[in-house]
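Please open the model in a viewer and keep the selection panel at hand. The stops below indicate what to select next and what is to be found there.

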Amino acid sequence: MPWEERPAGCHTPMWRYSKNPVIRRDLLLTSNSIFNSAVVPFSNGYAGVFRCDDTNRRMTLHVGFSDDGLDWHIEEETLKFECDNKEVGQWVYGYDPRVCRIDDRWWVTWCNGYHGPTIGVAWTKDFKTFHQVENAFLPYNRNGVLFPRKINSLPTGEGRGGARYAMLSRPSDTGHTAFGDIFYSESPDMEFWGHHRHVMSPAPFEVSAWQSMKIGAGPTPIETSEGWLLFHHGVLLSCNGYVYAFGSALLDLDEPWRVIARSGPYLISPREPYECMGDVPNVCFPCAALHDPATGRIAIYYGCADTVTGLVFGYIPEIIEFTKRNNISAL
């Protein structure tokens, strides 16, 4: 996996790749920006689904591949989904994808245009053919993030037994939502979603201002002995507009809507020029994480100023300790 050692004198839990942005805005001939994208291990390297806004400023999705997770080839042709239902499969727009492997399939979720933003769902086995299924929820919703395995969290009973797929999402509205909580949902078949549970709300401004207006799930949660490690973005409404940063939380392994710990301080907030200046200034928006259980290393891909893609590194045990030490979940 991509990796760079912690710089000398750095005492923070995560540090930026010295050659950021790892994916520039004009990697494609037609791209205005490439950001808020998802990558996963695939074959002998990595694959991903990328948000590539074109020079018409249309929000499109593209497939990409890399040998090392640093140098990427992103296909010029937009991703085309195969769908048995013409109404569901009609393309309007798509943005902010996530990719999650469950068993032998890679599942893609993204903010899909269907009478407003909702959560589109599709699967692939080869990153060549993508099969779109029903949208997960009614509009309006964003930040649909799947768990990497089924979860058996609710009592069994008639029609309720067995483990279920699980997803986090953030109900919203038609525009630049000035609110947003994270919710948990389950499905027996990736089509019908229910058993909705509240996970987290924005924090009080006086407690943790960077996540006081709205929050949303980031990369696929990582299963650890301490719980599901969730990276989430948060938004501060400042006198100069919105500021997007990201932090961490631990969720219960068996009942993931129950928060064990949640970091008060952020992990990463806009600081570098490529995070502070762009089409939407002051944005750090995490969408994908690669990790190595043997070493505890983690690499997170994040959108920077809605323009380019950055990369940060850290160690999972250190991030868990940081989350627990700075826990605000009981406040």
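## Salt bridges

At 42% relative accessibility, Lys-125 counts as partly exposed, where buried means under 20% relative accessible area, exposed over 50%, and partly exposed in between (1.4 Å probe, protein chains only). This is a predicted model, in which local features need pLDDT of at least 70 and side-chain atom pairs count only at pLDDT 80 or more, while totals for chains, interfaces and linings use all residues. Residues are numbered from 1 along each chain as its sequence is written, and side-chain values use heavy atoms, with hydrogens and water left out.

Add Asp-104 to the selection: Asp-104 forms a salt bridge with Lys-125, with the closest N and O atoms 3.2 Å apart. A salt bridge is a side-chain nitrogen of Lys or Arg within 4 Å of a carboxyl oxygen of Asp or Glu. The pair links distant parts of the chain, 21 residues apart: Asp-104 is in the loop between S7 and strand S8 (105-113), and Lys-125 is in the loop between strand S9 (117-124) and strand S10 (130-132). Helices (H or I, at least four residues) and strands (E, at least two) are DSSP runs, numbered from the N terminus. Asp-104 is partly exposed, with a relative accessible area of 42%.

Next, select Arg-149 and Glu-223, a salt bridge in which the closest N and O atoms are 2.9 Å apart. Arg-149 lies in the loop between S11 and strand S12 (165-171) and Glu-223 in strand S16, so this pair ties together parts that are 74 residues apart in sequence. Arg-149 is partly exposed at a relative accessible area of 31%, and Glu-223 is partly exposed at 42%. Then display Arg-25, Arg-57 and Asp-279, which are joined into one network by salt bridges that share partners.

How many salt bridges does the structure hold? The count is 16. Another of them joins Arg-51 and Asp-96, with the closest N and O atoms 3.0 Å apart. Because Arg-51 lies in strand S3 and Asp-96 in strand S7, the pair ties together parts that are 45 residues apart in sequence. Arg-51 is buried, at 8% relative accessibility, and Asp-96 is likewise buried, with a relative accessible area of 11%.

## The two pockets

Keep Arg-51 selected and turn to the largest pocket, which holds about 640 Å³ of space. Its lining comprises 28 residues, and those closest to the centre are Arg-51, Tyr-95, His-176, Tyr-244 and Asp-306. On a 1 Å grid over the protein atoms alone, a cavity is a set of points where a 1.4 Å probe fits but cannot get out, and a pocket is an open set with protein on both sides within 12 Å along at least five of seven lines; lining residues have an atom within 4 Å of a point. Grid points are joined across faces, edges and corners, and a volume is the space filled by probe spheres set on the points.

Which element gives the largest share of the lining of the largest pocket? That element is S2, with three residues. By class, this lining has eleven nonpolar, eight polar and nine charged residues; Ala, Val, Leu, Ile, Met, Phe, Trp, Tyr, Cys and Pro count as nonpolar, Asp, Glu, Lys and Arg as charged, and the others, Gly among them, as polar.

Move to the second largest pocket, with about 370 Å³ of space. Of its 21 lining residues, Val-40, Pro-41, Thr-220, Ala-289 and His-291 are the closest to its centre. Two or more residues each come from S2, S7, strand S16 (222-224) and strand S20 (284-292). S20 gives the largest share, five residues. The lining by class has 16 nonpolar, two polar and three charged residues.

## Two buried residues

Select Leu-146 in strand S11 (residues 141-146). At 1% relative accessibility, Leu-146 counts as buried. Leaving aside neighbours within four places in sequence, Leu-146 is in contact (heavy atoms within 4.5 Å) with residues including Cys-100, Trp-107, Met-167, Trp-193 and Thr-220.

Finally, select Asn-20, in the loop between strand S1 (14-16) and strand S2 (31-42). Asn-20 is buried, with a relative accessible area of 12%. Beyond four places in sequence, Asn-20 is in contact with Tyr-274, Tyr-302, Gly-310 and Leu-311. A polar atom of the Asn-20 side chain lies 3.0 Å from the backbone nitrogen of Leu-311.

Terms used:
A polar contact is a pair of N or O atoms within 3.5 Å; within protein, one must be able to donate a hydrogen and the other to accept it, and residues adjacent in sequence count only if both atoms are side-chain atoms.
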